[in-house]
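Please look over the structure shown here before reading the notes that follow, which move from one residue and its contacts to the core and then to a helix.

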Amino acid sequence: MKNQRIIPGIILIGFGIYYYLQQAEYTMFSDFQTWPTLMVIAGTAFLVQGYWGKDYEAIFPGVILFGFGMHLHIVDKLEVWPDHMGAFILIMALGFLLRYQKTGTGLFNGILFLILAGLLLFYDRISAWLETMENGISTLWNFWPAALILIGVYLLLMKRK
């Protein structure tokens with residue numbers, strides 16, 4: 001049986017430290033007294049539950065919460081960090097791939113989200129590269145969102161064997 005006390009224990013400790021530092025008005029930690037820090041704490045709890053508690057299904061929500069919280073902290077501090085949807089999809093892909101590493105499920109989703117994140121993160125470079133090629137390929141590139149919709153509909157309607 002999995003130890004179900006890890007998540008609430010870490011969340012209570014983390015939130016307690018967070019609110020203590022906020023109440024004590026430590027200026028050294030003032031940049032971290034925001035709601036993304038609470039996401040990082042909750043994500044850490046899920047990740048610890050996933051790896052130490054061997055509850056591997058907790059890895060995905062842990063990566064999402066931890067990753068989104070860290071993204072919201074980092075995006076304004078590092079100029080090289082992307083500030084658009086591609087970063088969120090990349091974090092989701094990482095969650096699927098890390099869960100796949102332990103459970104053996106989610107590889108297809110991880111690779112699909114990784115490709116989508118790559119397309120979004122490097123959209124400007126890819127479209128500029130395609131514009132230098134023939135007009136037909138450039139025109140075809142304009143319809144890639146429709147391809148995403150068709151793949152999604154196919155996945156929803158596809159019957160399992």
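In this predicted model, Leu47 is in contact, once its neighbours within four places in sequence are left aside, with Ala58, Ile59, Gly62, Val63 and Phe66. Leu47 also belongs to the largest nonpolar core, a set of 7 residues in which it is joined by Met39, Ile59, Val63, Ile64, Phe68 and Ile91. Two or more residues of this core are given by helix 2 (35-51) and by helix 3, and it is helix 3 that supplies the largest share, 4 residues. In soluble globular proteins, nonpolar side chains tend to be buried together.

Ile91, one of the core residues, is also among the buried residues of helix 4, which include Gly86, Ala87, Ile89, Ala93, Gly95, Phe96 and Arg99. These buried residues pack against helix 3 (59-74) and helix 5 (107-121). The extent of helix 4 and the turn of the chain angle just after it are set out below.

| Item | Value |
|---|---|
| Helix 4, residues | 85-103, 19 residues |
| Helix 4, reach from first C-alpha to last | 27 Å |
| Helix 4, expected reach at 1.5 Å a residue | 27 Å |
| Gly104, just after helix 4, phi | positive, about 85° |

Leu12, by contrast with the core residues, calls for a separate remark. Leu12 lies in helix 1 (residues 6-24), and is Leu12 buried or exposed? Leu12 counts as exposed because its relative accessible area is 64%, where the cut-off for exposed is over 50%. Although Leu12 and Ile41 are 29 residues apart in sequence, their C-alpha atoms are 9.4 Å apart in space.

Note on methods: Residues are numbered from 1 along each chain as its sequence is written. This is a predicted model: local features need pLDDT of at least 70, side-chain atom pairs count only at pLDDT 80 or more; totals for chains, interfaces and linings use all residues. Side-chain values use heavy atoms; hydrogens and water are left out. The expected span of a helix is 1.5 Å times one less than its number of residues. Buried means under 20% relative accessible area, exposed over 50%, partly exposed in between (1.4 Å probe, protein chains only). Contact means heavy atoms within 4.5 Å. A nonpolar core is a set of buried Ala, Val, Leu, Ile, Met, Phe, Trp, Tyr and Cys residues joined through side-chain atoms within 4.5 Å.
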